[in-house]
Every structure is written in structure tokens, then in C-alpha cells.
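Here are some short exercises to work through with the model open beside you. Try each task before reading its solution.

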Amino acid sequence: MPALTESPGFLTQGEDSLYYVHHRARAERRAAVLLAGPLGLERAHGYVVWVRWARYLAERGVEVLRLDYRGSGESTGRFDEMTFPRWEEDVRTGLEHLRAASPGVPVFVHGLRLGALLAARVFRTDAVNGLLMWEPPESGRAHLMEVLRRKVAADNLEGTGGQARSREDYVARMEAGQVVEVEGLPWSRALWRSAEGYALALPEAHEARPWRVVHLDGRPAERFLAPGRSGSVRAPRPFFWTTSNRLLPELEELYADGMGFIAGGGARAEVRS
């Protein structure tokens with residue numbers, strides 16, 4: 001790719017550093033988007049798709065900032081000290097940087113999986129022009145339990161779980177103050193408890209700014225999470241954030257839907273200060 005179209009860097013976040021990659025618009029700039037991605041193995045499996053999406057946007061005139069949360073990816077910080085509210089702070093720090101780097105255009109936040117939970121919270125309180133969510137979990141607790149289900153399945157298959165044979169066993173360990181290794185990351189009691197009550201914060205019905213939920217399982221309209229604000233795309237199975245076996249899945253419909261939302265929503269978005 002031409003030089004300087006993608007620039008990595010670090011943002012100061014307390015004593016830690018947030019790693020980011022800024023994908024610069026390669027056409028007339030029309031909007032800016034912060035990408036709040038998934039976590040753990042979902043981040044690793046979905047990495048190629050996430051980068052392709054950032055480049056897809058940049059080719060069409062959108063400034064993009066990809067961000068790693070503290071304790072994950074290339075950012076610094078101890079994962080066993082992280083919580084959902086701390087990762088929210090990381091998204092806000094990234095947005096502040098993106099606004100400064102992209103004056104004069106509407107700014108959107110887009111979350112995938114865990115990132116959708118964080119993005120929705122930030123949208124409620126920050127001056128953001130629009131919100132896009134791909135396959136958001138219903139809550140932080142539900143999301144962690146889903147990941148624990150995968151861990152239990154892997155432990156039982158590989159014989160690596162020791163005496164723990166259920167999600168409840170691992171939850172009990174965390175509640176007792178033990179650190180539990182999940183998909184290579186040390187889950188703590190602080191993380192587990194921060195997920196309690198951390199429901200998906202869908203915007204209020206009267207919210208004037210554009211926001212959208214996109215389901216990736218091809219579900220019919222009667223099963224939409226937010227009728228009137230949802231769409232559905234049938235992504236290839238298994239989903240790209242659950243496995244790396246399917247290299248470069250065909251996601252043109254998903255990308256086009258997201259670009260259409262950003263291009264159409266930005267023109268009529270009003271920023272709430």
C-alpha cells in the first residue's frame with residue numbers, strides 16, 4: 001500500500017499506552033470511525049476481517065482508528081486489572097484522538113461483539129454522530145459466560161480443565177479471588193464483577209442520532225433486537241470471530257451495509273454536546 005496511509009501509534013492512558021492504527025481516508029474525507037473490536041481469541045480470529053473493514057472504509061473516504069484496549073493486543077497494562085468501565089475509558093480516549101485528527105467531519109463509533117457493548121455506553125454520554133453495532137451480546141455477563149462455555153468445551157476435549165468441569169466452577173474460582181486463565185488471558189474477580197449489570201445500553205427510542213444493530217445470522221425481522229433500528233446479514237458459518245479456518249470470508253454485503261449507514265447517517269447526524 002502507499003506509504004503513510006496506515007500509521008500506528010500509542011495514546012497515553014494513565015500509566016499505560018493504547019496502541020492504535022490510523023487508516024487515513026484515501027478519497028475525499030466524509031466521516032471518521034473508531035473501531036472498538038472484540039477481545040481474546042475473538043480478536044485474533046477476527047483480526048483480518050477487522051483490518052479489511054478498516055481499509056474498505058478508508059478507500060471510500062472514511063478516516064478510521066483501530067484500537068487495542070489496555071491489557072490486550074499491542075497495548076500495555078495488566079489484563080488481570082482490567083474491567084468493562086476501564087475499557088470504556090479506552091474507547092473515549094481513542095475518540096478524543098480521532099476527533100482531533102479528523103476535524104470537520106461526523107464521527108462514528110462502531111463496535112463488534114464486546115466492542116459493541118462498550119460503544120453503546122460511550123454513545124449515550126459522548127458527542128458522537130452515530131453508532132454501529134455488529135452482533136452485540138445482550139450483556140457483559142452473557143458475553144463472558146459464552147466465552148466460558150467455549151473454554152469448558154475445550155477443556156473437556158483436551159483434558160486441561162483439572163477439577164473444573166463447568167462454567168459455574170470457574171465463576172466460583174473468580175468469586176473466591178482466584179485468577180482463571182481463559183483463552184490465554186487471566187480473568188479476575190474484578191473483571192467478572194464489572195460485567196454484572198453491564199447490559200447492552202441500546203439508545204432511547206427518542207434518540208435522534210443514527211444508530212444501528214446488525215445481526216450476522218440472517219435472522220428474520222421479527223427476531224431483531226431493536227425493530228426499526230436493526231438489519232440482518234447472513235455471514236458465513238462458523239463466524240469469523242470464532243475461527244481462523246475460513247480465511248477471508250465473503251463479507252461484501254456486510255461491508256456495504258455498514259458503509260451505507262455511515263455515508264447516509266453522517267449527513268443528517270446531530271452531535272449532542
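**Exercise 1: A helix and its length**

Task: Compare the expected span of helix α2 (residues 84–101) with the distance between its end C-alpha atoms.

Solution: Helix α2 has 18 residues, and at 1.5 Å a residue they should span 26 Å. The expected span is 1.5 Å times one less than the number of residues. The end C-alpha atoms of α2 are 26 Å apart, so the two values agree. Helices (H or I, at least four residues) and strands (E, at least two) are DSSP runs, numbered from the N terminus.

Before going on, note that this is a predicted model, in which local features need pLDDT of at least 70 and side-chain atom pairs count only at pLDDT 80 or more, while totals for chains, interfaces and linings use all residues. Residues are numbered from 1 along each chain as its sequence is written, and side-chain values use heavy atoms, with hydrogens and water left out.

Next, which residues of α2 are buried? They are Phe84, Trp87, Glu88, Asp90, Val91, Thr93, Gly94, Leu95 and Leu98. Buried means under 20% relative accessible area, exposed over 50%, and partly exposed in between (1.4 Å probe, protein chains only). When you look for a pattern, recall that an α-helix has 3.6 residues a turn, so residues three or four places apart point the same way.

**Exercise 2: A serine and its partners**

Task: Place Ser194 and find what its side chain reaches.

Solution: Start with the location: Ser194 lies in helix α6 (residues 189–194). Its relative accessibility is 14%, so Ser194 counts as buried. Now look for polar contacts (pairs of N or O atoms within 3.5 Å; within protein, one must be able to donate a hydrogen and the other to accept it, and residues adjacent in sequence count only if both atoms are side-chain atoms). The side chain of Ser194 reaches the backbone oxygen of Leu191 at 2.8 Å. A polar atom of that Ser194 side chain also lies 3.2 Å from the backbone nitrogen of Phe84, a residue of α2 that is buried. Finally, list contacts (heavy atoms within 4.5 Å): not counting residues up to four places away in sequence, Ser194 touches Thr83, Phe84 and Pro85.

**Exercise 3: A valine in a strand**

Task: Describe the surroundings of Val64.

Solution: Val64 sits in strand β4 (residues 62–67). With a relative accessible area of 0%, Val64 is buried. Leaving aside neighbours within four places in sequence, Val64 is in contact with Val21, His22, His23, Val33, Leu35, Ala54, Leu57 and Ala58.

**Exercise 4: Backbone angles to check**

Task: Examine the backbone at Arg113, Glu183 and the bond between Arg237 and Pro238.

Solution: Keep the usual case in mind: most residues other than glycine have a negative phi, and most peptide bonds are trans.

- Arg113 has a positive phi, near 55°. This residue lies in the loop between β5 (107–112) and α3, and Arg113 is buried, with a relative accessible area of 4%.
- Glu183 also has a positive phi, near 50°. Its place is the loop between β7 (180–182) and β8 (185–187), and at 22% relative accessibility Glu183 counts as partly exposed.
- Arg237 and Pro238 are joined by a cis peptide bond, with omega about -10°. Pro238 lies in the loop between β10 (230–232) and α7 (252–266).
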